[in-house]
Amino acid sequence: MVNRASLVLNRNRLLNLLSQGRRVDGRGLKDFRPISIEIGVAGKANGSASVKIGDTYVMVGVKAEIGSPFSDTPDEGVLMVNAEFVPLASPSFEPGPPDENAIELARVVDRGLRKSEAFNFKDLCIIPGKKVWMIWVDIYVLDYNGNLMDAAALAALAALMNTKLPVPKVEGEEVMLTDETVPLKLGDYPIAVTIGKLGDSLIIDPLLEEEEVLDGRITFFVTKDGNICAIQKSLPGVFSPDEILVAVDLACEKAVELREKLFKVFGIS
Amino acid sequence: MENDKISLVTEDGLRVDGRKLDELRPVKIEVGVLANADGSAFIQQGKSKLLVAVYGPRELHPRHLALPDKALIRCRYHMAPFSVEERKSPAPSRREIELSKIIREALEPAILVDRFPRTSIDIFIEVLEADGGTRCAAVTAASVALAHAGIPMRDLVAACAVGKVDGKIVVDLCDAEDKYGEVDMPVAYMPNKKVVTLLQMDGILTREEFDEAFKKAISACEKIYEFQLNALKKHLSIIEEVKEEESNG
Amino acid sequence: MKGGVRLTIYVERRKIVFPGELLAEGKYASGANTYKEGDKIFSAVIGLAEIQNRVISVIAFKGYYVPKVGDIVIGVITDYSPTSWQVDINSPYTAILQVMDALPKPIDPAKEHVRKYFDIGDILLGEVIVFDKTRSPMLTTKGKGYGKLRGGHIVEISPTKVPRLIGRRGSMINMLKKELNCQIIVGQNGRIWFSAKSLEDEELFVKVIRKIDLEAPIPGLTQRVRQLIKEEKAKRRS
């Protein structure tokens, strides 16, 4: 659907600007677009948040249910991340089951959250082998204007930080949910930073126009200690080993910035 | 979990299958194993076994999917139901869908797609036995199959996964290390162009550990490249035989 | 390294090369199956390096046929419309043969059907008159010797081997016509139509084609083929 000739023209125009250290929306190469985070946006969810990065708008709702654990981890809770690229978000999104992009996004955010040890899955166990907390993280893309990954990851983390679980009361084999709630305990706050490559330049937070002509894209999830807990290079395109090393450093640097913004919303310093 | 954990690396620095930290599993690649495909390859890396077929460039159906200025690359990574311990449903799983995309994105930069617009190049990967590192083996074998098919490429793509097991960086994870280890990091690399086309990681690595693992991964990919070249040379050996006869006779 | 044009060829003629292998650097032209980056020329396929004048190319072991205007091709009719036929020319690109490029006069669709002239499965010899990658290749069968091929058999060879099959100034193909006593028409698209006098000659022809397909880039092929024919004929006598 995208006019290929116009893509080539755009790419040349963007490369031209980059050679002068500028981007099409006036940002510097290392700048994020304006970010706004709102929490508690979906009242029926256990936790929710929405994030806007520029015009990209993603909402995440967390629903917690009591369910059965997986047979190979009988004393652990379950985390499930799903992403929906709803048709209203972009002329290029069609109704239907998640396509490869939605599946990739969900799986990468899942890995970023899971591998950072943000969750203590054992804490989410109620009756070992029988009843555990199932945490459903549903990523809802509402407006696609580039860099869904960072927006989705940030919204997912904010939604989890906003999540309150009812306190369960175990009576024999049954679990009753009381009216009391406790916040979901998180052990880490992993932040995703996506870097695009255009020509020889590495740019933070590619917007849609840039994303359409990128020569490569890579996302790093950075833990609060500055370690890396997930990486996903996506889109056909190549990176030299040196570019990867520069990108990792850049991601670690920007993750601190994003985490500060997030913590401010929650009144954490 | 911590107390019951299997020791994956002994004090002597040997892994569960007796390998050293930097040691790859034995790799066997055979070229041209399927008669119908335009290009094909079989790979066995440790116990992982994969079959790859390439069809193309060929006319694209449905026509409206065709790209006016380049070939469309399609890739399907699929695991046979009997390839894993517990029978896997033949329906594509979310993992297979993600891997199909990642593998395609790892191979596409190597293919000179501008040379045959409005066609498709279809890459089919079947995992017959899965023992870790299947997406990397898939990229490795698919490159060979593409070259076998005579599809113009910038370079081959060689892939290998590195990881962290019992705190040590290791190369080419087997299934047990993937399951019970701390980090899994698959990498694909074009050995002549010296660029990375696939990079994923899950687990926790410090900056220093990442640097070490990444360097080792590139090194491992270069070793895999040698296996690819040898397999292709062997396939062409009949040419070499005739060449020799000519120069002797 | 910088300053001054470096003219270096890194491979000897007929060396087996692989995708990504550096062939030459400097003021050379990038020929078939190669690609250029800056002033470096790399191989794009598995094949034999070839250096002729200032052109670096690679003779691919395996390839597919990309039509070129002027190519003579052997096609198979696969479909039709009121004013044209679709032709399989052993290429990722299906060709079109329009009525006006096949018949002397336009036909009246009410009275005649295109299938009367070429039906599905018919084999034709034609020439590529249009191809620019944005549209399907177009053929013509108007011309000396072009048109439907009746009888005979079709065998396929890798399109990259066709020049070798023909040989320099037709040396190989003329030798085959004489030694095997058969009619041979070679299409640039890797399709060969042949008609032999006996079943044995047919089988021998196919054997010869297989040998050429396999061994084409290796020098001395003509002699080896001559040898094969001699041996096979001797077998028959005994």
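Before anything else, one definition for the hairpin I will come to: two strands are taken to pair if DSSP finds at least two bridges between them. With that said, here is the structure. It is a predicted model, and it scores ipTM 0.92 and pTM 0.92.

I will begin with how the chains meet. Two pairs of chains touch, and the pair with the most contacts is A and B. Chains A and C share no contact; their closest C-alpha atoms are 13 Å apart. I will take the two sides of chain B in turn.

First, the side towards chain A. Here 27 residues of chain B meet 26 residues of chain A. On the chain B side, helix H1 (94-107), strand E9 (195-205) and helix H4 each supply at least two residues. The most comes from E9(B), which gives 11 residues. Sorted by class, this side of chain B has 14 nonpolar, four polar and nine charged residues.

What does E9(B) pair with across the boundary in chain A? The partner is strand E12 (residues 228-234) of chain A, joined to E9(B) by four bridges, and the two strands run antiparallel. As one point of register, Gln232(A) stands opposite Gln200(B).

Next to Gln200(B) in the numbering is Met201(B), also in strand E9 of chain B. Is Met201(B) buried or exposed? The cut-off for burial is 20 or more other C-beta atoms within 10 Å. Met201(B) has 29 within that distance, so it is buried. Leaving out residues up to four places away in sequence, Met201(B) touches Ile228(A), Ala230(A) and Ile231(A) in chain A, and Val183(B) and Met185(B) in its own chain. As a distance for orientation, the C-alpha atoms of Met201(B) and His61(B) are separated by 35 Å, with their positions 140 residues apart along the chain.

Now the other side, towards chain C. This contact takes 28 residues from chain B and 26 residues from chain C. In chain B, strand E3 (48-59) and the helices H2 (134-148), H4 (207-235) and H5 (237-248) each contribute at least two residues. Which element gives the most to this side? H5(B) does, with five residues. The classes here are 17 nonpolar, four polar and seven charged residues.

That leaves chain C itself. Chain C has four helices and 17 strands. Of its 238 residues, 38% count as buried. Its C-alpha atoms fill a box of roughly 75 × 55 × 25 Å along the principal axes. Among contacts in chain C between residues at least 6 apart in sequence, 55% join residues at least 24 apart.

On domains, chain C is divided into domain 1 (8-60), domain 2 (72-148) and domain 3 (153-237). Over C-alpha atoms, the centres of domain 1 and domain 2 of chain C are 37 Å apart.

On confidence, the mean pLDDT of chain C is 89, with 97% of residues at 70 or more. The lowest mean in the chain, 84, belongs to strand E1 (residues 8-9), and the highest, 97, to strand E13 (residues 138-140).

For detail, I picked helix H2 of chain C and what follows. H2(C) covers residues 171-180, and its buried residues are Met172(C), Leu176(C) and Leu180(C). Seen down the helix axis, these fall within an arc of 35 degrees, so they line one face of H2(C). The face turned away from them carries the exposed residues Ser171(C) and Lys178(C). What do the buried residues pack against? They pack against helix H1 (162-166), strand E16 (183-186), helix H3 (199-215) and helix H4 (221-237) of chain C.

After H2(C) comes Asn181(C), with a positive phi near 50 degrees. Then there is E16(C), one of the packing partners just named. In a regular strand, side chains alternate between the two faces of the sheet. E16(C) shows the alternation: Ile184(C) and Val186(C) point to one face and are buried, whereas Gln183(C) and Ile185(C) point to the other and are not.

E16(C) is joined by four bridges to strand E17 (residues 191-195) of chain C, and the pair is antiparallel. Ile185(C) stands opposite Trp193(C) in E17(C). Four residues lie between the strands of this hairpin, and Gly190(C) in the hairpin has a positive phi near 85 degrees.

Key
Residues numbered from 1 in each chain as written. Chains lettered and ligands numbered in written order. Predicted model: local features only at pLDDT ≥ 70, side-chain atom pairs only at ≥ 80, totals over all residues. Contact = placed C-beta atoms within 7 Å. Nonpolar A, V, L, I, M, F, W, Y, C, P; charged D, E, K, R; others polar. Buried ≥ 20, exposed ≤ 12 C-beta atoms within 10 Å, placed from the backbone. Arc of directions from axis to C-beta. Domains from an automatic or database assignment. pLDDT = per-residue confidence, 0-100.
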